[in-house]
Amino acid sequence: MTDDKKVELNKVSDYPEMPVSLGSMLWNKTSSWRNFKPVIDGTKCIGCGICWKFCPEPAIFPTNPPTVDYDFCKGCGICISECPTKAISKVDETR
Amino acid sequence: MKQVMNGDFAASYGAMSALVKYVAAYPITPQTLVVEKLSELVADGEMDAVFSKVESEHSAMAACIGAEAAGIRTFTATSSQGLLLMCEVLHWAARGRLPIVLANVNRAVAPGWSIWADAQDSISQRDTGWMQVYAEDNQEVYDSIIMAYKIAESPDVLLPMMINLDAFFLSHTSEVVDLIDKKDIEKFLPPYEPKFKLNPSEPHAFNALTSPDHYFELTYKMHLAMEKAKKRITEVGVEFEKMFGRRYGLTESYRIEDADTVLVTFGTIAGTAKETVDLLRKEGKKVGNLKIRVFRPFPQEEVCEALKNAKKVIVVDRDYSYGFEGAFFTEVKSALYNKGVMKPLYGMMAGIGGRDVSTGTLKEIVAKAEGEDPKNPYFIGVKL
Amino acid sequence: MIEIRLHGRGGQGAVKAAEILAKAAFYDGKVVQSFPFFGVERRGAPVQAFTRISDEKIRIHSYIYEPDVLVVLDPTLIGAEGVNILEGLRSGGKVIVNSTKEPSAFDFHGKNGVTVYTVDATAIAVKNKLGSESAPIVNTAIVGAIAKVTGLVTIDSVKKAIFDTIPRNKEANAVAAEDTFKNVK
C-alpha cells in the first residue's frame, strides 16, 4: 500500500475491514497547513540534532545539515525556537 | 491423544495446539489455571510462544491487541471482574478487527464476592463486537479454541472470539479430552496472515480518527462480518468433523423433532438438560433440548427452525439483564418474532451465582411451564 | 454410570483421590468425570469430591446426589456436626471407611442393602511415610480399597494413575494403594 494515491472510499466495498489509513502519510500531505516555512542555515548548524528530536511530525531528517520535508512540515515553529544557534529562520511563504 | 484434564487445562492446551505465539495475562485473582498452565508450557519449552505477565486484564488485552496488530496469533484468559476490566479494550480488539481468542471462565460478578458459575460476566460484554461461544464440556473447550482461530482469522470475518466455560462445572472438573496432533492441526489451521499489520516498511495508521463520513460504514462492515461468521462457524464445524470426528455448529438439537416442550439451554446446563430429556421421555413426556452454542453472532435462523414445531419453549438463563429478563430469553424471543413465529415462551432463571442445576432442577422447570402460566422471568428455586 | 462420593477433610487429598480414581478408570477404557465440591478449601474442614465412571459419554454436569459408592477418608466425619455422610446413598450402596474397626461396628452396615467395608488406610499411609505421622495423607491408599471393593478399576491402573498424578514419593504411594487393595475388609 505504498502507492502515492489517495484511496477513494465511495462504497462499503472500498473500505478496509479495520479503520486503517492506507499509506496516509504519503497521500495526506499537510504543507497547506503552513503559513511560513523553516529554513536551515547550514553554516550556523552545529549538528546537535535538537530540531530533528523536537519535530512532532516528524518532518526533519537527521542529515548534516538537517533537511526539512516541506510536504509534511505544518509550520509549528518548534524547531525555530529550540535551535541553540538560531540557525533556523522563519521564511514567508505568501504565494 | 486422550488425557484426563480439567477445563482450564483444556483451554491452555487448546491455545498451545492452535500454535498461539503470544500470550499476555494477569496472573492473580480472578485468573484461573488456564494461564498458570500456559506459563508452565512456555517455560518448559513445550510451547513455542512468548508469555507476558502484565499488571491488569486491561493491559493483557491491550498487549494482545499490539501483538495481533503485528500479525502474531495471540491468546489470553480471564474471568468475572477481570473480563469487566477488559471491557474498553474488548471494543478496541473488535472494531480493530483483530482475531484474538480469549477463554473466559464464566463466574458471577461481585459483590457478593463469588467464584462460582454464572454467565453475567460475558453476557454483559454482549455488545463489544466479540463472537461468543458457550462450551458444554472440556472437549468442546479445547476444540472450540482451535476452531476459533480458523473462524476469526477468515478474511471475511476478522472478529475476535470469546470461548466461555462454566466455572467449576468445567474449569475444575476433570474429563477425558482428546488432544490433536500438531501435524493434523497444521493441515486444519493455516498460518495467520493478516492483510494489514504493523510493519515499518509498509506504514499504515491504525485505528485513526474516523469521521461520521466513515464510522457508519465500518459498523456496517462489522454487521456483514457477523453475518458471514455464522456461515464460517458452520463451515469450519463441518471441516472439523471431517478431520476429527466431532461435530459443532451454531446450535445443537436433541430429540426436538416430535417434542411438545423444548428447553433452550447453554453451557454445562445443556448437557444436564439432555440427560433430563431422556429421563422425562421415560416418563412419557415429549421434551427436547436446543443448545445454543454460539450467542454472538446469534443464530436466529437455526433457533427458529429448531423451535418451529414446539408447543412450548422454555429458555434457561444463568444470567440476568437487570430490569428485564435473562439475555438468552430476550434473544430467542426476538429471533422468533423476527421470523413471525409465535408461541408460548417461558424465561427461567436458574443456576445464578453457581447454584447447581441438576436433572431435578430442570424437571421442576419443565413442570412449572406445564402448569399454570408462570410470570416471566421465573426464578426457579429462589427461597421466597 | 456409577457415581462415587468421597468425604474427607481439607488437606487429606480427597480431591486428588477422586482424580486418581477417574484416571484409573480412564486407563481401563471408561469415560470419566471427577470434580471437587465447589468452594473454598480449608484445612480440616469437611470436604467432598466426586467421580463418575461410565461406558458412555457423560453429559451431566451437576453434583452427585444419589451416589452408588461412598468413600470416607476420615472416620471422625461419621456423625460429625452438620455432616450427613449417608445422604442420598442408593439402596444396595457400598461404603468404604478408613477405620481400624470391623464393618459390623457401623450401625448402617446391612441396613437398606448397604454394605460397609473398612481398611486402616491411616496405618498404611504412616507405614509408607505418606504425609506426617500426625497428619498422614491417605488419599492414594484409599483408592486401592475402592478398586478392590467395587471392581470398577484394576489395581494396575490405580498404580499408573498414581504415578501420573502424584508429584513425588510415587513408589510409596503405589505400594500403599496395593496394601489397602489386599487388606480391605
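**Three chains, a few questions**

Biologist: How many residues does the contact take from chain A and from chain B?

Modeller: Heads-up, this is a predicted model: local features need pLDDT of at least 70, side-chain atom pairs count only at pLDDT 80 or more, and totals for chains, interfaces and linings use all residues. Residues are numbered from 1 along each chain as its sequence is written, while chains are lettered from A and ligands numbered from 1 in the order in which they are written. Two residues are in contact if their C-beta atoms, placed from the backbone, lie within 7 Å. On that footing, the contact takes 15 residues from chain A and, from chain B, 17 residues.

Biologist: Which element gives the most to the side of chain A that touches chain B?

Modeller: Elements here are DSSP runs numbered from the N terminus, either helices (H or I, at least four residues) or strands (E, at least two). In chain A, strand 1 (20–22) and helix 1 (24–27) each supply at least two residues of the side that touches chain B. With three residues, the one that gives the most is strand 1 of chain A.

Biologist: Of the two pairs of chains in contact, which share the most contacts?

Modeller: You can set aside chain A and chain C, as no contact joins them and their closest C-alpha atoms lie 40 Å apart. Of the two pairs in contact, the one that shares the most contacts is chains B and C.

Biologist: And which element gives the most to the side of chain B that touches chain C?

Modeller: That contact takes 19 residues from chain B and 17 residues from chain C. Two elements of chain B give two or more residues to this side, strand 8 (174–178) and helix 10. The one that gives the most, with five residues, is helix 10 of chain B.

Biologist: How far does helix 10 of chain B reach from its first C-alpha to its last?

Modeller: An expected span is 1.5 Å times one less than the number of residues in the helix. Helix 10 of chain B (residues 268–282) has 15 residues, and 21 Å is expected. Its reach is close to that, at 22 Å.

Biologist: At what angle do helix 1 and helix 3 of chain C pack, and what does that make them?

Modeller: Axes are lines fitted to C-alpha atoms, for helices over the stretch in contact, and angles run from 0 to 180 degrees between N-to-C directions. Helix 1 (residues 14–27) and helix 3 (residues 139–150) of chain C have axes 9 Å apart and pack at about 45 degrees. Under 35 degrees counts as roughly parallel, over 145 as roughly antiparallel, 65 to 115 as roughly perpendicular and the rest as oblique. So helix 1 of chain C is, to helix 3 of chain C, oblique.

Biologist: Which residues does the cis peptide bond with omega about -10 degrees join?

Modeller: Most peptide bonds are trans. The bond from P111(B) to G112(B) is cis, but its omega is near -15 degrees. P111(B) sits in the loop between strand 5 (101–106) and helix 6 (120–123) of chain B. The cis bond with omega about -10 degrees joins A110(B) and P111(B).

Biologist: Is R97(B) buried or exposed?

Modeller: R97(B) lies in the loop between helix 5 (87–95) and strand 5 of chain B, and its phi is positive, near 60 degrees. A residue is buried if 20 or more other C-beta atoms lie within 10 Å of its own, exposed if 12 or fewer, and partly exposed in between, with C-beta atoms placed from the backbone. With 27 other C-beta atoms within 10 Å, R97(B) is buried.
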